[in-house]
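Q: Could you walk me through a close look at one loop, and then work outward from it? Keep it brisk.

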Amino acid sequence: MIPADPSSWRLTQTSYNPTQIQRTPVSIGIADAGYDLGGQDIYRCAQPALAVHFHAMHDLFAKTEAENMERISAAAPLAARMRPRTLDEFVGQEHILAPGKLLRRAIEADRLPSLIISGPPGSGKTTLAYVVAEITHSEFIRLSGVESNVAEMRKVVAAAANRLRTSGRKTIVFIDEIHHFNKAQQDILLPDVESGNLRLIGATTYNPYFYVNSALVSRSLVFRLEPLTVEQLEILIDRALADSERGLGKYTVKMDADARSHLAKLSDGDARKCLNALEVGVLTTPPVASAASRGKPKRQAGEKQSVAASDRGDNEPLIHFTLKVAEESIQTKAVVYDKKGDAHYDTISAFIKSMRASDEKAAIYWLAKMLHAGEDFRFIARRIVIFASEDVGLADPEALPLAIATQHAVEFVGMPEARIPLAHATAYMCRAKKSREAYESLAAASEEIESEQTQRVPEHLKNKHFPVNPEA
């Protein structure tokens, strides 16, 4: 039977041995047909001719490819292996993925338009794209905003349109770091996104309303993911320690509560950083003899056991994940801060508002965060000078000279010593009395000039030392 799909046909040829060719007198069959070949012989194959058969082609590399993917998956970092496969496994983002929420309803009903997802690193943007593709049974194609070019994008768009036309299967094109695409690259997607040939899921750590074309944003739903809380990260840690298929469940790990809390806090809402630090700590900590092997009696029936050690014998080597191991695994805190994006303006706003509210502890905290993230100390000094004049003003005339002195000091000494005069000035501004009288008066006068006709200078206020018309 010939397969229905012509692309899977393969021609099978029958090979023969030249020694099997035999001489046959012409009289056989040929004479009966009424042909006279003058006594010449003809040659024919001794074996009967075989018909041409078409066989469905099988991918010879299918098994090898599957094995390669399995090996790649096994070698992937813990954060990649532990990606949620369903919405029920997704941790966090209840504001958009909780039962009954718009995004969850759209995903489960397979009525999801294109998406633009923004959020900090490790909040689940890529994971959400994979879950959507799995639930909707769509072809999933991942592109990188850093590496992909126009030619590659055109091929992907054409393939998606062809796939929908021939097989009816939808395509999800996931573009990581979409803010790196220029306007021309983003415009390539517009016609197919609007016509429904493909569904776009773009991920960015920046504000999409500033870094993604407005035409593309208007054709998509925009959602923001929030950093994971400490409690949510602890759930991920416990899940990874218990999962023997994809996680670290094959190891007997005893994790102290303070170590778990430290790992979750210093991950700063980043699930990827948290799980990868956990894996480093588990794989690099030498195991010790378990309690049973040291002569302790085995647990009785019904006795509680740690999740990570369940379903294994008590004689397994034990990895003790202590607070010291957690500190070594995570090293330093990863502060989410971009010098030109939202975090830059949000943090300086929090710094100024804390000084305005005389909240010295909070102001010093935001100052420390900016300095730790590498913010320009000159920028911070300029903001303190502005604050001294705008918010302290007439209530404390010494605030502005102190701010100017701070600006000169940080320019003179540089970092890291510049932190000290900045902290000095910040504390002074918090403790100083506040008066916005001069600032508000100026703002009212400016508004009056803009909204009304400009007044002429009264005669008694004019300069009378010089004649109005010297030539007269």
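A: Start with the loop between helix H5 (125-136) and strand S6 (139-144), where His137 lies. This is a predicted model. The phi of His137 is near 55°, a positive value in a residue that is not glycine. Is His137 buried or exposed? His137 is exposed, because its relative accessible area is 62% and the cut-off for exposed is over 50%.

Now look to either side of that loop. Tyr130 falls within the range of H5, and Phe140 within the range of S6. Together with Phe174, Tyr130 and Phe140 make up one aromatic cluster. Phe174 takes us onward, as its number falls within strand S7 (171-176).

After S7 comes the loop that leads to helix H7 (183-195), and Glu177 sits in that loop. Glu177 is a second case of positive phi outside glycine, with a value of about 55°. What is the accessibility of Glu177? Glu177 has a relative accessible area of 23%, so Glu177 counts as partly exposed. The buried class needs a value under 20%. His137, by contrast, is exposed.

Go on past H7. Gly196 is placed in the loop between H7 and strand S8 (199-204). Gly196 is partly exposed, with 42% relative accessible area. The C-alpha atom of Gly196 is 9.4 Å from that of Leu164. Along the chain, Gly196 and Leu164 are 32 residues apart.

Back to the aromatic residues. The whole structure holds 4 aromatic pairs. One of them joins Tyr206 and Tyr211. Their ring centres are 4.7 Å apart, and the planes make an angle of 55°. The pair is tilted, because stacked needs planes under 30 degrees apart and edge-to-face needs over 60. Tyr206 is partly exposed at 25% relative accessibility. Tyr211 is partly exposed too, at 32%.

Next, the helix packing around helix H13 (residues 323-330). Take helix H12 (residues 271-284) as one partner. The axes of H12 and H13 come within 9 Å and cross at roughly 120°. That angle makes H12 oblique to H13. Why not perpendicular or antiparallel? Roughly perpendicular covers 65 to 115 degrees and roughly antiparallel starts over 145, so a crossing between those classes is oblique. The crossing of H12 and H13 is right-handed. On the H12 side, Lys273, Ala277, Val280 and Gly281 make the contact. On the H13 side, Val325, Ser329 and Ile330 do so. By class, the contact has 4 nonpolar, 2 polar and 1 charged residues.

Ser329 deserves a closer look. Ser329 is part of H13. At 15% relative accessibility, Ser329 counts as buried. Which residues does Ser329 touch, leaving aside neighbours within four places in sequence? Ser329 is in contact with Ala277, Val280, Gly281 and Phe321. Ala277, Val280 and Gly281 are among the H12 residues in the helix contact.

Helix H11 (residues 257-266) also packs with H13. Their axes are 8 Å apart, at an angle of about 20°. That makes H11 roughly parallel to H13, because the cut-off for this class is under 35 degrees. H11 also passes H13 in a right-handed crossing. H11 contributes Asp258, Ala259, His262, Leu263 and Leu266 to the contact. H13 contributes Leu323, Ala326, Glu327 and Ile330. The classes here are 6 nonpolar, 1 polar and 2 charged residues. Ile330 takes part in both contacts, with H12 and with H11.

One more loop lies further along. Pro416 is found between helix H17 (399-413) and helix H18 (419-431). The peptide bond that joins Met415 and Pro416 is cis, with omega at about 5°.

Last, the chain as a whole. The chain has 19 helices and 11 strands. Of its 472 residues, 37% count as buried. Ser329 is one of the buried residues. Among contacts with a separation of 6 or more, 75% join residues 24 or more positions apart.

Technical notes. Residues numbered from 1 in each chain as written. Predicted model: local features only at pLDDT ≥ 70, side-chain atom pairs only at ≥ 80, totals over all residues. Heavy atoms only, no water. Axes fitted to C-alpha atoms, helices over the stretch in contact; angles between N-to-C directions. Helix = DSSP H or I, 4+ residues; strand = E, 2+ residues; numbered from the N terminus. Left-handed = near helix turned anticlockwise from the far one by under 90°. Contact = heavy atoms within 4.5 Å. Nonpolar A, V, L, I, M, F, W, Y, C, P; charged D, E, K, R; others polar. Phe/Tyr/Trp six-rings, centres within 6.5 Å; stacked < 30°, edge-to-face > 60°. Buried < 20%, exposed > 50% of the residue type's maximum accessible area, 1.4 Å probe, protein only.
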